[in-house]
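Ready for a few warm-up exercises? Have a look at the structure below, try each task yourself, and then read through the solution.

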Amino acid sequence: MAEAEPRGESRENSMRKMQSCNRDLEKLLEEMEKITVRAAWMSYNMVTIYTNPDLANSMKHLESAFLRCKEQLGRRWQEVLKE
């Protein structure tokens with residue numbers, strides 16, 4: 001007849017499993033909180049842009065200026081590296 005685990009070891013295994021489960025749940029909750037915050041900011045930005053079309057145009061202008069600046073910096077960096 002096989003011997004059953006002593007009660008102390010069984011209890012320790014159960015505690016370890018519960019602690020592991022708690023850690024996993026905490027990680028999942030943190031990820032859910034991050035996703036919720038991102039969704040809230042996206043909604044806020046959409047409402048802001050929808051209610052103020054000039055803001056959308058300004059954002060497009062700012063984005064194109066950023067891309068031009070980034071391209072220019074890339075070219076100048078290449079020139080510096082060649083020298």
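## Exercise 1: Inside or outside

Of the 83 residues in this protein, 1% count as buried. Keep in mind that the model is predicted.

**Task.** Find out how many helices and strands the protein has, and decide whether the chain is spread out or a compact globule.

**Solution.**
- Start with the secondary structure: the protein has two helices and zero strands.
- Next comes the radius of gyration, which is 28 Å, while the globule rule gives 12 Å for 83 residues. The value is well over the rule, so the protein is more spread out than a compact globule.
- Now look at the box around the C-alpha atoms: along the principal axes it is roughly 80 × 50 × 15 Å.
- Finish with the surface, where the accessible area comes to about 8,400 Å² and carbon and sulfur atoms hold 60% of it.

## Exercise 2: Two domains

**Task.** Work out where the domains run and how many Å separate their centres.

**Solution.**
- Domain 1 covers 7-51, and domain 2 covers 53-82.
- Compare that with the helices: helix H1 spans residues 7-51, and helix H2 spans residues 53-82.
- Taken over C-alpha atoms, the centres of domain 1 and domain 2 are 37 Å apart.

## Exercise 3: Pairing up charges

**Task.** Track down the salt bridges in the structure and say how many there are.

**Solution.**
- A quick reminder before you hunt: side chains of opposite charge can pair when their charged atoms come close.
- The count is three.
- In helix H1, Glu 12 pairs with Arg 16, and their closest N and O atoms are 3.5 Å apart. These two sit four residues apart in the helix, so about one helical turn separates them. Glu 12 is partly exposed, at 46% relative accessible area.
- Also in helix H1, Glu 31 and Lys 34 are three residues apart, about one turn of the helix. Their side chains form a salt bridge at 3.7 Å, N to O. Glu 31 is partly exposed at 39% relative accessibility, and Lys 34 is partly exposed at 44%.
- Over in helix H2, Glu 71 meets Arg 75 at 2.2 Å, N to O. Here too the partners are four residues apart, which means about one helical turn between them. Both ends are partly exposed, with 45% for Glu 71 and 43% for Arg 75.

## Exercise 4: Cysteines

**Task.** Say how many disulfides the whole structure holds, then check whether Cys 21 is buried or exposed, or something in between.

**Solution.**
- First, what you're looking for: a disulfide is a covalent bond between the sulfur atoms of two cysteines.
- Searching the whole structure turns up zero of them.
- Cys 21 has 40% relative accessibility, so it counts as partly exposed. Cys 69 is partly exposed as well, at 43%.

## Exercise 5: Along helix H1

**Task.** Which residues make a nonpolar surface patch of about 360 Å², and why does Met 46 count as exposed?

**Solution.**
- The patch is made by Val 37, Trp 41 and Tyr 44. Tyr 44 belongs to helix H1.
- Met 46 is in helix H1 too. Its relative accessible area is 58%, and exposed means over 50%, so Met 46 counts as exposed.
- For a sense of distance, take Met 46 and Leu 29: they are 17 residues apart along the chain, and 25 Å separates their C-alpha atoms.

Terms used:
Residues numbered from 1 in each chain as written. Predicted model: local features only at pLDDT ≥ 70, side-chain atom pairs only at ≥ 80, totals over all residues. Heavy atoms only, no water. Domains from an automatic or database assignment. Disulfide = S-S within 2.5 Å. Buried < 20%, exposed > 50% of the residue type's maximum accessible area, 1.4 Å probe, protein only. Patch = residues over 30% accessible without salt bridge, like charges linked within 9 Å, V, L, I, M, F, W, Y side chains within 5 Å. Areas by Shrake-Rupley, 256 points an atom, 1.4 Å probe, with all protein chains shown as cover. Salt bridge = Lys/Arg side-chain N within 4 Å of Asp/Glu carboxyl O. Rg over C-alpha atoms; globule rule 2.2 N^0.38 Å.
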